[in-house]
Amino acid sequence: MGPVYAETEIDAPREMIYEYLLDISTRPILFAGALDGFRLLRLDTRGVGAGARFRFKRHSAWNDSTITAAEAPRRISERGATGRLNRNRTGFEWEIGEDSGGVSVVRLSYWIEPYGVYRHFQRLTGGSRWYTRQMRRALRRLRELIEAERMATEEVGVAGGNRYETGIR
């Protein structure tokens with residue numbers, strides 16, 4: 001599935017948006033209703049190396065996503081894998097620009113690079129409309145949270161981690 005894009009304008013400084021997006025534990029709030037079984041890959045949820053494992057409700061396959069690059073305050077790159085045996089590569093790109101009026105423009109891109117025979121099936125079934133709709137909803141939630149200055153996060157369990165150390169049972 002070739003990249004799907006969504007873009008929105010947010011009336012806030014891009015540094016504030018960047019700091020919020022740098023925390024991967026905010027993804028369940030942004031993608032509410034589209035993600036299932038969200039778990040962190042490590043205790044530190046911020047910065048390069050922070051990752052998560054989750055499922056999009058449209059597919060039963062697990063997705064892994066890890067922040068691989070972060071250029072303050074312009075761009076956050078996430079790379080991962082999905083599908084049977086994690087053969088399909090995926091990517092999220094969060095690009096944060098600024099207008100001349102001080103309004104921030106956030107652009108979200110998502111793509112899947114299918115592996116093997118599955119790539120032909122993926123092209124036929126598509127799903128890009130569903131993913132585009134989810135990206136737009138996520139950016140709408142981001143705008144609502146940032147503009148209302150409700151920098152909400154929720155407790156998320158760590159995959160394979162000590163449940164008592166994190167406080168989640």
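1. A crossing of two helices is called right-handed if the near helix is turned clockwise from the far one by less than a right angle, and left-handed if the turn is anticlockwise. In this predicted model, the crossing of α1 and α4 is right-handed. Helix α1 covers residues 14–21 and helix α4 residues 128–147, and the two pack at an angle of about 115°, their axes lying 11 Å apart.

2. The contact behind that crossing can be followed residue by residue: from α1 come Met16, Ile17, Tyr20 and Leu21, and these meet Leu142, Leu145 and Ile146 of α4. By class, the residues of this contact are 7 nonpolar, with no polar and no charged residue among them.

3. The strands deserve a point of their own, since the helices pack on them. Seven strands form an open sheet in the order β1-β7-β6-β5-β4-β3-β2, and their pairing is antiparallel. Strands β1 (4–10) and β2 stand at the edges with a single partner strand each, so one side of each has no neighbour in the sheet. On average, and with direction ignored, neighbouring strands of the sheet are turned by 20° against each other.

4. Within the sheet, β6 (residues 88–98) pairs with β7 (residues 104–113) in the antiparallel sense over 10 bridges, and Trp94 stands opposite Leu108 in β7. Both helices of the first point touch this pair of strands: α1 packs on the sheet against β1, β4 (62–71), β5 (75–82), β6 and β7, with its direction at about 155° to that of β6, while α4 packs on the sheet against β1, β3, β6 and β7, with its direction at about 20° to that of β1.

5. Towards the β2 edge of the sheet, β2 and β3 are joined in the antiparallel sense over 4 bridges, and Leu35 has Phe56 in β3 as its bridge partner. Strand β3 is in turn joined to β4 by 5 bridges, again running antiparallel, and here Phe54 has Asn63 in β4 as its bridge partner. The connection from β3 to β4 is a hairpin of 5 residues.

6. Which residues line the largest cavity? The structure holds 1 cavity of 30 Å³ or more, and about 60 Å³ of space lies in the largest cavity. Its lining is made by Ile24, Arg27, Phe31, Leu35, Phe38, Ala52, Phe54, Phe56, Ser65, Glu78 and Phe92. The elements that give two or more residues to this lining are β2 (35–40) and β3 (51–56), and the largest share, 3 residues, comes from β3. Leu35 and Phe56, which are bridge partners, both belong to the lining, as does Phe54, the bridge partner of Asn63. By class the lining has 8 nonpolar, 1 polar and 2 charged residues.

7. Two details of the backbone should be looked at in the loops between strands. The peptide bond from Ala72 to Pro73 is cis, with omega near -20°, and Pro73 lies in the loop between β4 and β5. Asn86, although it is not a glycine, has a positive phi of about 55°, and its place is in the loop between β5 and β6.

Notes. Residues are numbered from 1 along each chain as its sequence is written. This is a predicted model: local features need pLDDT of at least 70, side-chain atom pairs count only at pLDDT 80 or more; totals for chains, interfaces and linings use all residues. Side-chain values use heavy atoms; hydrogens and water are left out. On a 1 Å grid over the protein atoms alone, a cavity is a set of points where a 1.4 Å probe fits but cannot get out, and a pocket is an open set with protein on both sides within 12 Å along at least five of seven lines; lining residues have an atom within 4 Å of a point. Grid points are joined across faces, edges and corners, and a volume is the space filled by probe spheres set on the points. Ala, Val, Leu, Ile, Met, Phe, Trp, Tyr, Cys and Pro count as nonpolar, Asp, Glu, Lys and Arg as charged, and the others, Gly among them, as polar. Axes are lines fitted to C-alpha atoms, for helices over the stretch in contact, and angles run from 0 to 180 degrees between N-to-C directions. Contact means heavy atoms within 4.5 Å. Two strands pair if DSSP finds at least two bridges between them.
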